[in-house]
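Trainee: Could you take me slowly through a single part of this structure, one helix and the surroundings that go with it? I would like a careful, connected account.

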Amino acid sequence: MVTNREGLLVVLSGPSGAGKDTVLRRLLEVNPNVTLSISATTRPPREGEEHGKDYYFLSKAEFVQLISKNGMLEHAQYCDNYYGTPRGPVEEGIQRGHDVILEIEVQGGEQIRKKNPEAVSIFILPPSMKVLSHRLHKRGTESEEIVEKRLATARKEIEQADKYDYVVINDDLEDCVRDICDILSAEKKRTTRSGKLIEEVLKNE
């Protein structure tokens with residue numbers, strides 16, 4: 001029987017305050033087959049950040065060269081810095097059978113879905129805008145003006161959620177993580193991903 005199936009390319013998006021980081025940490029704990037893609041950036045490292053662990057820290061020339069060689073699955077520019085997903089490590093992980101998750105914003109998610117229609121896209125929703133507002137205010141690390149800007153951005157992002165394959169509400173952490181695991185399990189059983197398995201079954205008469 002075929003057991004060495006390729007992994008999945010997974011796009012995970014959601015607004016600030018939806019709890020994506022917490023969900024991902026728990027998902028990595030309970031599902032050893034899941035790995036998190038490391039993004040590349042041209043911004044300088046912050047204190048405590050490590051190259052190859054937190055980000056791939058590249059010069060602008062290196063980043064642009066990767067773009068020109070089709071070495072980026074997606075990329076965007078914010079505040080004079082580039083951010084993106086290097087293609088090589090992601091494809092290597094998938095070939096090894098890992099489900100590689102790209103935690104990216106909706107702009108990058110759209111790029112991935114267009115270039116990689118086989119990707120599984122999941123949007124993490126807050127239970128409500130009221131809960132999202134409470135979570136952002138509870139952080140206490142940003143001014144009211146910044147929080148309001150984040151809420152306005154979140155509303156625009158949530159309006160794009162219907163373009164994703166799945167939406168999962170992060171109300172209860174364990175339920176949210178379980179839902180994502182169920183999605184990944186079901187996706188691997190799609191007939192479109194099971195050609196080698198079907199062939200192997202037919203060969204073993």
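Mentor: In helix α4, which covers residues 106-115, the buried residues are Val-106, Gly-108, Gly-109, Gln-111, Ile-112 and Arg-113, and please keep in mind throughout that this is a predicted model. The partners against which these buried residues of α4 pack are four strands, β1, β5, β7 and β8, together with the helix α6. At the N-terminal end of α4 there is a cap, provided by Glu-105, which has a side-chain oxygen 2.7 Å from the backbone nitrogen of Gln-107.

Glu-105 also leads us to the largest pocket, since Glu-105 is listed with Lys-20, Tyr-55, Glu-103 and Ile-104 as the residues closest to the centre of that pocket, out of 40 that line it. The space in this largest pocket comes to about 1,500 Å³. If you trace its lining back to the helices and strands, you find that α1 (20-30), β5 (72-78), β6 (81-86), β7 (99-103) and α6 (144-158) each supply at least two residues, and that α6 gives the largest share, with 5 residues. Three of these elements, β5, β7 and α6, are already familiar to you as packing partners of the buried residues of α4. Sorted by class, the lining of the largest pocket contains 15 charged, 13 nonpolar and 12 polar residues.

Another contributor to that lining is α1, and α1 deserves a look of its own. Its buried residues are Lys-20, Val-23, Leu-24 and Leu-27, and these lie on the same side of α1 because they cover an arc of only 95° around the axis. On the face turned away from that buried side, α1 carries the exposed residues Arg-25 and Glu-29. Among the elements that cover the buried residues of α1 are the strands β1 (9-13), β2 (34-36), β7 and β8 (120-125), as well as the helix α7 (173-188). You will recognise β1, β7 and β8 here, for the buried residues of α4 pack against them too.

To tie the parts together, Lys-20 is a buried residue of α1 and is also among the residues closest to the centre of the largest pocket, while Glu-105, from that group as well, caps the N-terminal end of α4.

Notes:
Residues are numbered from 1 along each chain as its sequence is written. This is a predicted model: local features need pLDDT of at least 70, side-chain atom pairs count only at pLDDT 80 or more; totals for chains, interfaces and linings use all residues. Side-chain values use heavy atoms; hydrogens and water are left out. On a 1 Å grid over the protein atoms alone, a cavity is a set of points where a 1.4 Å probe fits but cannot get out, and a pocket is an open set with protein on both sides within 12 Å along at least five of seven lines; lining residues have an atom within 4 Å of a point. Grid points are joined across faces, edges and corners, and a volume is the space filled by probe spheres set on the points. Ala, Val, Leu, Ile, Met, Phe, Trp, Tyr, Cys and Pro count as nonpolar, Asp, Glu, Lys and Arg as charged, and the others, Gly among them, as polar. Buried means under 20% relative accessible area, exposed over 50%, partly exposed in between (1.4 Å probe, protein chains only). The arc is that of the directions from the helix axis to the C-beta atoms. Contact means heavy atoms within 4.5 Å. A polar contact is a pair of N or O atoms within 3.5 Å; within protein, one must be able to donate a hydrogen and the other to accept it, and residues adjacent in sequence count only if both atoms are side-chain atoms.
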